[in-house]
Amino acid sequence: MTIDVTVEEGVKTLRMNRPDKKNALTNEMYHTLTDEMISADGDDSIGAVLFLGAGGAFTSGNDVGGFMKQATSQAPVEEGERGVARFLRQQVEGKTPLIAGVEGLAIGVGATMLFQCDLVYVADNAMIKTPFLDLGVVAENASSYLAPLIMGHQKAFEMLCLGEGFTAEQAYHAGFVNRVCSVDEVETVARDAARRLAAKPPRAMEITRGLLRSDPETRLARMLEESEHFAAQLKSDEARNAFMAFMNRKAG
Ligand code: COA
């Protein structure tokens, strides 16, 4: 399985587990993540969802082969292929608190999902990066709205447009990381916070979280607007060339 699901003490842990590809997310993985988040929302015994990676990385983001497939396909996207769209929508609309424990690389959607999380713990070796522009595509997951809200225009621009990557310390100072931990302790710290959240009175938690995230319509509208641009850019020459360059980078 490429998403390992475990439940313990009210915490559902979703571990992205495809280490040979740095946990790059496939359509199937997005569907599983989404199904598990939706089922957590409907399960009174779950009070928090914890995202983890495997093999020393959080995730290298969307599978570039998947991007390539969409970039070159003439056929309309089938319902079953809309894993990422379901995932992004659930990140905005879900009710269960989301926690991330990040070791190593968090790229693309692996970075932008941190803006949607309620608590974020990163290891001191974390590298958080959004190479959207270099790939010829655009910011997603409402990050063009959330990143400036969290860290101001210039830092958001640095992350989303310059795309050079934030270290754990930079991410902490930018304001979307709660704590920088050692590699050895990051999962324990994230899990402990998730457990403490899950033990709180659920209705009070739901109301308070809803008040703190009081802008779901704005998040959703921006996410959908970004997705339209993203889908159009996927078909552009600049994107196709960038995907090709990645796929062929080890050849010759
Ligand atoms: N999609 C598909 N495959 C990916 C991937 C991704 N997002 N990220 C890594 N992989 C694969 C590599 O192709 C490689 O596979 P191979 O062993 O069959 O050649 C394997 O994972 C290991 O990656 P590699 O590039 O050899 O490791 P690295 O440590 O040198 O670099 C990354 C790691 C993540 C920096 C680099 O792989 C990368 O830039 N990946 C693309 C990230 C990206 O653009 N994501 C989309 C964001 S919108």
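Mentor: In this predicted model, an oxygen atom of the ligand lies 2.5 Å from an N or O atom in the side chain of R249.

Trainee: What makes that pair with R249 a polar contact?

Mentor: The cut-off for a pair of N or O atoms is within 3.5 Å. The R249 pair is at 2.5 Å, so it counts.

Trainee: How much of the ligand's accessible area does the protein cover?

Mentor: The ligand has 850 Å² on its own, and the protein covers 68% of that.

Trainee: Which backbone atoms lie 2.8 Å or 3.1 Å from a nitrogen atom of the ligand?

Mentor: A backbone N or O atom of V64 is 2.8 Å from a ligand nitrogen. A polar backbone atom of N62 is 3.1 Å from a ligand nitrogen. Both values fall within 3.5 Å, so both pairs are polar contacts.

Trainee: Which residues surround the ligand most closely?

Mentor: The shell has 18 residues, and the closest are K21, S60, V64, R249 and K250. By class, nine are nonpolar, three polar and six charged.

Trainee: Why is K21 counted as charged?

Mentor: Lys is listed with Asp, Glu and Arg as charged, so K21 belongs to that class.

Trainee: Which helix and which strand each supply at least two shell residues?

Mentor: Helix α2 (64-72) and strand β5 (105-107) do.

Trainee: Where does the ligand sit?

Mentor: The ligand is in the largest pocket. To say so, more than half of its atoms must lie within 2 Å of the pocket's grid points.

Trainee: Now the protein itself. Why is M159 called buried?

Mentor: Buried means under 20% relative accessible area. M159 has 1%, so it is buried. M159 belongs to helix α6 (residues 153-162).

Trainee: How far is M159 from A174?

Mentor: They are 15 residues apart in sequence. In space, their C-alpha atoms are 10 Å apart.

Trainee: What makes K12 buried, although Lys counts as charged?

Mentor: The label rests on area: K12 has a relative accessible area of 5%, which is under 20%, so K12 is buried. K12 is part of strand β2 (residues 11-16). Its side chain also makes a polar contact of 2.8 Å with the side chain of S39.

Trainee: How do you know that helix α4 (residues 109-116) is mostly covered?

Mentor: Eight of its eight residues are buried. Among them are V109, T112, F115 and Q116. Each is therefore under 20% relative accessible area.

Definitions and conventions:
Residues numbered from 1 in each chain as written. Predicted model: local features only at pLDDT ≥ 70, side-chain atom pairs only at ≥ 80, totals over all residues. Heavy atoms only, no water. Near = heavy atom within 4 Å. Polar contact = N/O pair within 3.5 Å; in protein donor to acceptor, adjacent residues only side chain to side chain. Areas by Shrake-Rupley, 256 points an atom, 1.4 Å probe, with all protein chains shown as cover. 1 Å grid on protein atoms, 1.4 Å probe; cavity = no way out; pocket = protein on both sides within 12 Å on 5 of 7 lines; lining within 4 Å. Helix = DSSP H or I, 4+ residues; strand = E, 2+ residues; numbered from the N terminus. Buried < 20%, exposed > 50% of the residue type's maximum accessible area, 1.4 Å probe, protein only.
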